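Grab a coffee and open the structure viewer. Here are some exercises to work through, each with a solution that goes step by step.

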Amino acid sequence: MIKDKGYYLDIFKVDGAMLDRLIATALSSGGSYADLYFEYTTYNELSMTDSSVNRGGFHEDYGVGIRVLDGEKTGYAYSESTVPADMLAAAKAASAIAGKGMGAVAAGKGRTINPAQAPADCDFYPWTESWRECPNSNLIPLMAETDRLIRSREPRVSKLNLRFSASESDVLMYNSAGELRWDSRPMYNFAVSAVFTDGKGRNVSGGGSRSFRKGFEGLPTAAEMAALVLKDLDMAFEAKRPKGGRMPVVMGAGASGILLHEAMGHAFEADFIRKGSSIFKDRLGEMICPAGINIVDDGTIAGNRGSGNYDDEGVAGRKTYMVRDGRLESYLHDRISAAHFGVEPTGNGRREDFRCDPLPRMRATYMENGNCKPEDLVASVRKGIYVDEFSNGQVRIGEGDFTFFVKRGRLIENGRLTMPVKDINIIGNGPEALRHIEMVGNDAAMEDASWTCGKGQSVPVSCGMPSVLVSGLTVGGE
């Protein structure tokens with residue numbers, strides 16, 4: 001839902017003359033480029049513990065961030081007020097920081113910043129029911145029914161928490177190239193976590209979440225949420241820690257995409273490339289995985305948590321192939337890195353809020369379908385591990401090394417899924433893992449959970465992939 005331009009000008013109490021005055025003030029100490037980022041965000045939250053609502057709230061955030069680029073220098077300042085005097089003071093501060101070299105190093109090499117493309121011709125979140133018009137009381141029936149369904153289907157529940165949050169953001173962006181952009185962005189997160197205890201004193205945790213850029217009309221059903229939490233619960237109680245070692249690993253479709261995001265996606269972000277700290281630096285055009293594999297970062301999936309009509313620099317949302325047919329085709333750029341490398345920005349300039357300057361960040365990162373049946377991947381393995389869901393992980397971007405904890409998986413023995421496994425890590429190297437992909441399934445799926453990526457700032461992201469067979473990774477077990 002993109003509203004009329006006047007709606008945004010009224011919210012932030014500005015007009016064209018004031019926007020131009022702020023840009024002129026920001027550039028008063030020099031600089032090749034300046035931009036303004038206005039934001040008004042409202043947040044709803046509600047939580048339920050053991051069948052009782054125990055927390056609720058409504059919050060607002062409002063302000064403007066002002067950025068100045070001057071060669072290798074960046075100046076950034078913000079104001080939580082759009083009173084002219086306060087905004088002009090922030091513009092002068094950003095100008096002074098850039099002019100005196102007090103800001104963070106920002107590349108640029110004195111080139112002209114590439115302009116944004118034409119305004120987005122699609123609305124990737126065409127929502128209808130505003131969260132600002134939805135009282136928290138409207139959410140209680142859904143949460144109560146989810147709680148009831150889980151308890152009625154599973155008597156082993158000992159603790160059950162439900163958390164809901166929703167936001168609505170109005171954004172106005174203007175820059176020294178004269179580009180004016182505006183957007184309204186919805187988001188909701190519905191998460192359920194539980195502890196289950198059986199008669200043998202064993203405890204198992206379970207949970208699930210759903211998150212979309214949709215309004216109230218786009219909520220999941222209680223049955224969907226209950227199914228997420230109860231999935232493979234019996235298997236979890238029977239899981240054991242297997243013997244470790246180097247072996248083939250089949251990664252299940254959907255949630256395994258978090259490994260693609262962490263172990264590979266970050267290394268494609270162009271600020272790491274520019275600083276020389278990524279394992280993929282200077283490798284454009286090289287074959288980095290087998291032919292036929294396509295890895296994408298996409299801001300155009302309707303309703304997806306990571307999508308954007310525009311990024312936070314006013315660049316139109318788009319789909320970017322990082323890897324096409326096995327070859328490294330593009331890094332992920334904001335305007336600064338794009339100017340540094342002399343390419344177009346890819347729409348990946350993102351920020352946590354108006355207090356932060358934008359950085360190259362992923363959106364929805366996934367691998368496209370292959371041509372293998374998922375069951376054939378398992379059937380081809382004599383002894384290995386099938387991983388359905390990862391949790392905590394660590395990545396060293398410069399070396400590409402990663403370690404991920406496996407939340408749910410099974411042994412593969414003689415081409416069949418057998419014993420459920422737990423308490424294991426998958427250890428490997430991103431570029432090496434890409435090279436050793438042997439089979440890719442035709443079952444690509446997005447994992448629409450409430451993924452949040454941290455990189456000094458937190459932004460919503462999404463991930464996904466088809467089933468993938470990697471010929472050799474280290475499994476940390478007994």
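What follows is a set of exercises on this predicted model.

**Exercise 1. Work out how the protein chain is built overall and how compact it is.**

Solution.
- Start with the secondary structure: the protein chain has eleven helices and 23 strands.
- Next, check the radius of gyration. The value is 24 Å, close to the 23 Å that the globule rule gives for 478 residues, so the chain is as compact as a globular protein of that length.
- Now put a box around the C-alpha atoms. Along the principal axes, the box is roughly 70 × 55 × 35 Å.
- Ask how much is covered: 56% of the 478 residues count as buried.
- Then look at the surface. About 19000 Å² is exposed, and carbon and sulfur atoms supply 49% of it.
- Finish with the contacts. Take those between residues at least 6 apart in sequence: 74% of them join residues at least 24 apart.

**Exercise 2. Find the largest cavity and say which residues line it.**

Solution.
- Begin with the idea behind the search: rolling a probe the size of a water molecule over the atoms shows where empty space is left.
- Count what turns up. There are three cavities of 30 Å³ or more, and the largest has a volume of about 70 Å³.
- Select the lining of the largest cavity: Met-251, Ser-256, Leu-259, Leu-260, Met-264, Met-367, Ala-433, Leu-434, Ile-437, Met-465, Val-468 and Val-470.
- Sort that lining by class. You get eleven nonpolar residues, one polar and no charged ones.
- Map the lining onto secondary structure: α7, α11 (430-435) and β23 (468-476) each supply at least two residues. The largest share, three residues, comes from α7.

**Exercise 3. Is helix α7 mostly covered or mostly open?**

Solution.
- Locate the helix at residues 257-265.
- Apply the cut-off: a residue is buried if its relative accessible area is under 20%.
- List those that pass: Gly-257, Ile-258, Leu-259, Leu-260, His-261, Ala-263, Met-264 and Gly-265.
- Draw the conclusion: eight of the nine residues are buried, and α7 is mostly covered.
- Keep some helix geometry in mind as you turn the model: an α-helix has 3.6 residues a turn, so residues three or four places apart point the same way.

**Exercise 4. Describe the surroundings of Ala-26.**

Solution.
- Place the residue: Ala-26 is in helix α2, which covers residues 16-26.
- Check its cover. Ala-26 has 0% relative accessibility, so it counts as buried.
- List its contacts, leaving aside neighbours within four places in sequence: Ala-34, Ile-66, Val-68, Ala-91 and Ser-95.
- Try a distance too. Leu-36 is ten residues from Ala-26 in sequence, and their C-alpha atoms are 9.5 Å apart in space.

**Exercise 5. What is the sign of phi at Asp-50 and at Ser-51?**

Solution.
- Recall the usual case: most residues other than glycine have a negative phi.
- Read off Asp-50: phi is positive, about 50°, although this residue is not a glycine.
- Do the same for Ser-51, where phi is near 75°, again a positive value in a residue other than glycine.
- Find them in the chain. Asp-50 is in the loop between β1 (33-49) and β2 (52-70), and Ser-51 is found in the loop between β1 and β2 as well.
- Check exposure: Asp-50 has 30% relative accessibility and counts as partly exposed, while Ser-51 is partly exposed at 41%.

**Exercise 6. Which residues do Arg-185 and Tyr-188 contact?**

Solution.
- Locate both. Arg-185 is in strand β5 (residues 180-197), and Tyr-188 is found in β5 too.
- Look at cover: Arg-185 is buried, with a relative accessible area of 9%, and Tyr-188 is buried at 0%.
- Leave aside neighbours within four places in sequence. The contacts of Arg-185 then include Glu-168, Arg-213, Asp-311 and Asp-312.
- Repeat for Tyr-188, whose contacts on that basis include Trp-131, Phe-164, Phe-212, Lys-214 and Pro-220.
- Close with two C-alpha distances. Arg-185 and Pro-141, 44 residues apart along the chain, are separated by 25 Å. For Tyr-188 and Asn-369, 181 residues apart along the chain, the separation is 28 Å.

Conventions
Residues are numbered from 1 along each chain as its sequence is written. This is a predicted model: local features need pLDDT of at least 70, side-chain atom pairs count only at pLDDT 80 or more; totals for chains, interfaces and linings use all residues. Side-chain values use heavy atoms; hydrogens and water are left out. Buried means under 20% relative accessible area, exposed over 50%, partly exposed in between (1.4 Å probe, protein chains only). Helices (H or I, at least four residues) and strands (E, at least two) are DSSP runs, numbered from the N terminus. On a 1 Å grid over the protein atoms alone, a cavity is a set of points where a 1.4 Å probe fits but cannot get out, and a pocket is an open set with protein on both sides within 12 Å along at least five of seven lines; lining residues have an atom within 4 Å of a point. Grid points are joined across faces, edges and corners, and a volume is the space filled by probe spheres set on the points. Ala, Val, Leu, Ile, Met, Phe, Trp, Tyr, Cys and Pro count as nonpolar, Asp, Glu, Lys and Arg as charged, and the others, Gly among them, as polar. The radius of gyration is taken over C-alpha atoms; the globule rule is 2.2 Å times the number of residues to the power 0.38. Contact means heavy atoms within 4.5 Å. Accessible areas come from the Shrake-Rupley method with a 1.4 Å probe; for residues, only the protein chains shown count as cover.
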